[in-house]
Amino acid sequence: MSVAVPLPTVIAGVSGRMGRALVEAVAADADCILAAALDRPGSPLVGQDPGAAFGLASAARVFDDAAAALQDAGALIDFTRPEATFAYLEACVLAKVPLVIGTTGFDEAGRARIAAAAKTIPIVFAPNMSVGVNLLMKLAEIAARVLEDGYDIEIVEAHHRHKVDAPSGTALGLGRTVAAALGRDHDAVAVYGREGVTGERDPRTIGYATVRGGDVVGDHTLLFAGVGERVELSHKASSRATFASGALRAAKWLQGRPAGLYDMRDVLG
């Protein structure tokens, strides 16, 4: 999507891995301009050029105050932690700035808080901004309906050693997509770990397996295991650039949209 004037974009969590990827993505996108960045109070980057550390000089500065960073902003992109996201959420509501949330690890109350804010501003909230992963979500929905009977459903995900939540938001998104397609209550059928004598597998359950190690960006496999065959749908990310690109696409898509809670399916049509 091309815009007439580059979109003034604010990046949250600029000292993190996704923050860096987002700064690089904005620098490479002619339709966006880095307006400001946000980082935690006490960060050595506060007051500095957010792109300088990456060899990407800009006129932007890093703030630890969201209200200051959001002046003249067209959108805020946030891939941080839930507690930080809530502060940015409140600031965006007050400033009437569209928000893209890629943060994961929210509980039901947290998701409800985001939905409430979306009554005031437009928000894209998705567990994964990758175009490929969102295609995987759609394929998962189709496969679940076709393979409803006689197939056990397992989700295996792998991420780098620094990821703090498990299962990943993307894995949970896959599970919820499949559960909805099958008319099941996800929270009632989800199984997050197995150990010891577990007994036979309940055919209605959706199992999760989590791997953490090294620098794995993100691997997800949805497995339908039947008698005599298995169907596997997989996505493997080799770079965070794919998530950053999707987030910028979402930020541009939000321009001019009414208040509401959107996801990447809306962005991708």
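Modeller: Before we start, a helix here is a DSSP run of H or I with at least four residues, and helices are numbered from the N terminus. Also, this is a predicted model.

Biologist: Okay, which helix gives the most to the lining of the largest pocket?

Modeller: That pocket has a volume of about 930 Å³, and its lining takes in 39 residues. Three helices each put in at least two of them: α1 (17-28), α3 (82-95) and α6 (169-182). With four residues, the top contributor is α3.

Biologist: And what class of residue is most numerous in that lining, nonpolar, polar or charged?

Modeller: Look around the centre and you'll find Met18, Phe79, Thr80, Arg81 and Thr103 lying nearest to it. Over the whole lining, the split is 13 nonpolar, 10 charged and 16 polar. So by the class definitions, which put Gly among the polar residues, the answer is polar.

Biologist: What about the second largest pocket: which helix supplies the largest share of its lining?

Modeller: This one holds about 580 Å³ of space and is lined by 26 residues, with Arg111, Pro127, Gly169, Gly173 and Arg176 nearest its centre. Two or more residues apiece come from α4 (108-117), α5 (131-146), α6 and α9 (264-268). By class, that lining has 12 nonpolar, eight polar and six charged residues. Five residues, the largest share, come from α6.

Biologist: How are α5 and α6 set relative to each other, roughly parallel or roughly antiparallel?

Modeller: Two packed helices get described by the angle between their axes and the distance between the axes. For α5 and α6, the axes are 8 Å apart and the angle is about 30°, with α5 passing α6 in a right-handed crossing. Angles under 35 degrees fall in one class, and therefore α5 and α6 are roughly parallel.

Biologist: How many nonpolar residues sit in the contact of α5 with α6?

Modeller: On the α5 side the residues include Val133, Leu136, Met137 and Ala140, and they meet a set in α6 that includes Leu174, Val178, Ala181 and Leu182. The charged ones in that contact number two and the polar ones three, while the nonpolar count is nine.

Biologist: Last one: at roughly what angle do the axes of α3 and α4 cross?

Modeller: Their axes come within 10 Å and cross at a low enough angle, roughly 10°, that α3 is roughly parallel to α4. Phe86, Leu89, Glu90 and Val93 of α3 make the contact with Gly110, Arg113, Ile114 and Ala117 of α4, a mix of five nonpolar, one polar and two charged residues. The angle you asked for is roughly 10°.

Technical notes: Residues are numbered from 1 along each chain as its sequence is written. This is a predicted model: local features need pLDDT of at least 70, side-chain atom pairs count only at pLDDT 80 or more; totals for chains, interfaces and linings use all residues. Side-chain values use heavy atoms; hydrogens and water are left out. On a 1 Å grid over the protein atoms alone, a cavity is a set of points where a 1.4 Å probe fits but cannot get out, and a pocket is an open set with protein on both sides within 12 Å along at least five of seven lines; lining residues have an atom within 4 Å of a point. Grid points are joined across faces, edges and corners, and a volume is the space filled by probe spheres set on the points. Axes are lines fitted to C-alpha atoms, for helices over the stretch in contact, and angles run from 0 to 180 degrees between N-to-C directions. Angles under 35 degrees count as roughly parallel, over 145 as roughly antiparallel, 65 to 115 as roughly perpendicular and the rest as oblique. A crossing is left-handed if the near helix is turned anticlockwise from the far one by less than a right angle, and right-handed if clockwise. Contact means heavy atoms within 4.5 Å.
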